[in-house]
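Work through the exercises below with the sequence and the structure at hand. Each task is followed by a solution in steps.

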Amino acid sequence: MKNEIDSRQILAVYEYIQQHGEAEENGKLFEGIRAYSDPDGYTIYLEGSALLLRFGFHNTYHMDYQHEKNKEDFINKLNFIYQMANEAKD
């Protein structure tokens with residue numbers, strides 16, 4: 001699990017969802033991924049496909065999920081949004 005996702009990718013996806021996502025009670029939702037942070041802003045969360053990713057101190061992250069398929073689906077969505085974020089920069 002460690003280092004499967006680059007910290008820059010996590011941050012870029014989080015920021016893109018914050019800018020382009022639909023506001024909900026618990027964060028913003030975009031393409032099936034919900035992005036939110038804790039009250040102090042030190043930990044951000046990306047949630048979708050029955051997976052919760054916590055990203056925080058020292059650019060470390062942890063993924064909670066039940067099945068490998070959940071992780072695969074989540075990473076595919078993450079990659080898709082990351083590609084959109086990169087295309088928006090160009």
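**Exercise 1.** How many positive and how many negative side chains does the protein chain have, and how far apart do the centres of the two sets lie?

Solution. The model is a predicted one: local features need pLDDT of at least 70, side-chain atom pairs count only at pLDDT 80 or more, and totals for chains, interfaces and linings use all residues. Residues are numbered from 1 along each chain as its sequence is written, and side-chain values use heavy atoms, with hydrogens and water left out.
- Step 1: Count Lys and Arg as positive and Asp and Glu as negative, leaving out His and the chain ends.
- Step 2: Place each charge at NZ of Lys, CZ of Arg, CG of Asp or CD of Glu.
- Step 3: The result is 9 positive and 16 negative side chains, with the two centres 4 Å apart.

**Exercise 2.** List the order of helices and strands in the protein chain, then judge its compactness.

Solution.
- Step 1: Helices (H or I, at least four residues) and strands (E, at least two) are DSSP runs, numbered from the N terminus.
- Step 2: There are 2 helices and 6 strands, in the order α-β-β-β-β-β-β-α from the N terminus on.
- Step 3: Take the radius of gyration over C-alpha atoms; the globule rule is 2.2 Å times the number of residues to the power 0.38.
- Step 4: The radius of gyration is 12 Å, close to the 12 Å that the rule gives for 90 residues, so the protein chain is as compact as a globular protein of that length.
- Step 5: Along its principal axes, the C-alpha trace spans about 30 × 30 × 25 Å.

**Exercise 3.** Find the aromatic pairs and describe the surroundings of their rings.

Solution.
- Step 1: Rings of Phe, Tyr and Trp (its six-membered ring) pair if their centres lie within 6.5 Å; planes under 30 degrees apart count as stacked, over 60 as edge-to-face and the rest as tilted.
- Step 2: The count is 2 aromatic pairs.
- Step 3: Tyrosine 16 and phenylalanine 30 are edge-to-face, at 5.5 Å centre to centre and 75 degrees between the planes. This pair links distant parts of the chain, 14 residues apart: tyrosine 16 is in helix 1 (residues 7-20) and phenylalanine 30 in strand 2 (residues 27-30).
- Step 4: Buried means under 20% relative accessible area, exposed over 50%, partly exposed in between (1.4 Å probe, protein chains only). Tyrosine 16 is buried at 11%, and phenylalanine 30 is buried at 14%.
- Step 5: Tyrosine 36 and tyrosine 45 are stacked, at 5.0 Å and 15 degrees. Tyrosine 36 is partly exposed at 22%, whereas tyrosine 45 is buried at 17%.
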